[in-house]
Amino acid sequence: MNIKITLLTAACALALSACGDKSEPADSAATPATSEAPATMTPPADMAPAATAPADAAPAAAAPVDPAATSSTAPAKGSKVAVINGCETEIESNDAMQFNVNSITVPASCSEFKITLKHVGKMPVAAMGHNVVITTSDNMQQVAADGMAAGLEADYVKAGDDKVIAHTEMIGGGETTSVTFDVSKIQGGGPYKFFCSFPGHAALMNGTIAVE
């Protein structure tokens, strides 16, 4: 009996000893950490960004400006220059008490010059008559005053007035008249004016006439 107890005790001791020697196995699968960064990928040559022009690149030179292309032969603003055909011109008047031009330039090559006046209105001569009278600028006001006193029968131009260089007859709507004069009479001693001598019209219906 004592032998059995002794054998059992020895067996238990061995079992306990075996359990006490157990230890966790080392993690042999663990791999040491590496400090190397992953390799970077180099893009292919055809994926490289396109080269850009430097910021301080000089702009292309502008084409030179031709002064002749920018110059204008048009008359100044407000100027209404008569069209000259050879040694004559045609101008218009209307029922609004206006000439369609305010400047006549006579070519120096002309010995005589003709002005044709066309009344494009409809009112009769007694109500809205027009003519063309040529004088010096200094004499215009006096010639107009003397013409008013002379009356419609005299075309509102004083008879024999040596201050008058040339004049047309007085006309009404739809009518046309003309006058031809010696160009030498408006060379030197100017400036010269053309105007309508119907009473009250000269203030609006006037312009310059010169030889060039």
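What share of the contacts in the protein with a separation of 6 or more comes from residues 24 or more positions apart? Here are some notes to help you find your way around.

1. **Long-range contacts.** The answer is 69%: that is the part of the contacts with a separation of 6 or more that residues 24 or more positions apart account for. Contact here means heavy atoms within 4.5 Å.

2. **What you are looking at.** This is a predicted model, where local features need pLDDT of at least 70, side-chain atom pairs count only at pLDDT 80 or more, and totals for chains, interfaces and linings use all residues. Residues are numbered from 1 along each chain as its sequence is written, and side-chain values use heavy atoms, with hydrogens and water left out.

3. **The overall plan.** You will find 4 helices and 9 strands in the protein. Both are DSSP runs numbered from the N terminus: helices are H or I with at least four residues, strands are E with at least two. Starting at the N terminus, the order of elements is α-α-β-β-β-β-α-β-α-β-β-β-β.

4. **Surface and interior.** The protein has 212 residues, and 28% of them are buried. Buried means under 20% relative accessible area, exposed means over 50%, and partly exposed lies in between (1.4 Å probe, protein chains only). The accessible surface comes to about 14,300 Å², with 58% of it belonging to carbon and sulfur atoms. These areas come from the Shrake-Rupley method with a 1.4 Å probe, and for residues only the protein chains shown count as cover.

5. **The five-stranded sheet.** One open sheet has 5 strands in the order β3-β9-β8-β5-β6, and its pairing is mixed. Its edge strands are β3 and β6, each of which pairs on one side only. Two strands pair if DSSP finds at least two bridges between them. Strand β5 (residues 133–136) runs antiparallel to strand β8 (residues 192–195), with 4 bridges in the pairing. Within that pairing, valine 133 has phenylalanine 195 as its bridge partner, while threonine 135 has lysine 193. Strand β8 is also joined by 4 bridges to strand β9 (residues 206–211), again antiparallel; there, lysine 193 stands opposite threonine 208.

6. **The two faces of β8.** In a regular strand the side chains alternate between the two faces of the sheet. In β8, Tyr192 and Phe194 point one way and Lys193 and Phe195 the other, and all are buried. Lys193 is a nice residue to click on, as the partner of threonine 135 and of threonine 208 in β9.

7. **The four-stranded sheet.** A further open sheet, of 4 strands, has the order β1-β2-β4-β7 with mixed pairing. The edge strands here are β1 and β7, each pairing on one side only. Strands β2 and β4 pair in the parallel sense over 6 bridges, whereas β4 and strand β7 (residues 176–182) pair in the antiparallel sense over 7 bridges. Isoleucine 115 in β4 makes a good landmark: threonine 89 stands opposite isoleucine 115, and in β7 the bridge partner of isoleucine 115 is valine 179. Threonine 116 has serine 178 of β7 as its bridge partner.

8. **The disulfide.** The structure holds 1 disulfide, a term for a pair of cysteine sulfur atoms within 2.5 Å. This one joins cysteine 87 to cysteine 110, with an S to S distance of 1.9 Å. It links distant parts of the chain, 23 residues apart: cysteine 87 is in the loop between β1 (84–85) and β2 (88–93), and cysteine 110 is in the loop between β3 (103–106) and β4 (112–119). The disulfide is left-handed because the torsion about its S-S bond is about -90°. Cysteine 87 is partly exposed at 33% relative accessibility, whereas cysteine 110 is buried at 5%.

9. **Glutamate 112.** Strand β4 holds glutamate 112. Not counting residues up to four places away in sequence, glutamate 112 touches Cys87, Thr180, Phe181 and Val183. Glutamate 112 and lysine 185 are 73 residues apart in sequence, with 9.8 Å from C-alpha to C-alpha.

10. **Aspartate 155.** Where should you look for aspartate 155? Aspartate 155 is in the loop between α4 (140–150) and β6 (166–167). Leaving aside neighbours within four places in sequence, aspartate 155 is in contact with Asn131, Thr168, Glu169, Met170 and Ser197.
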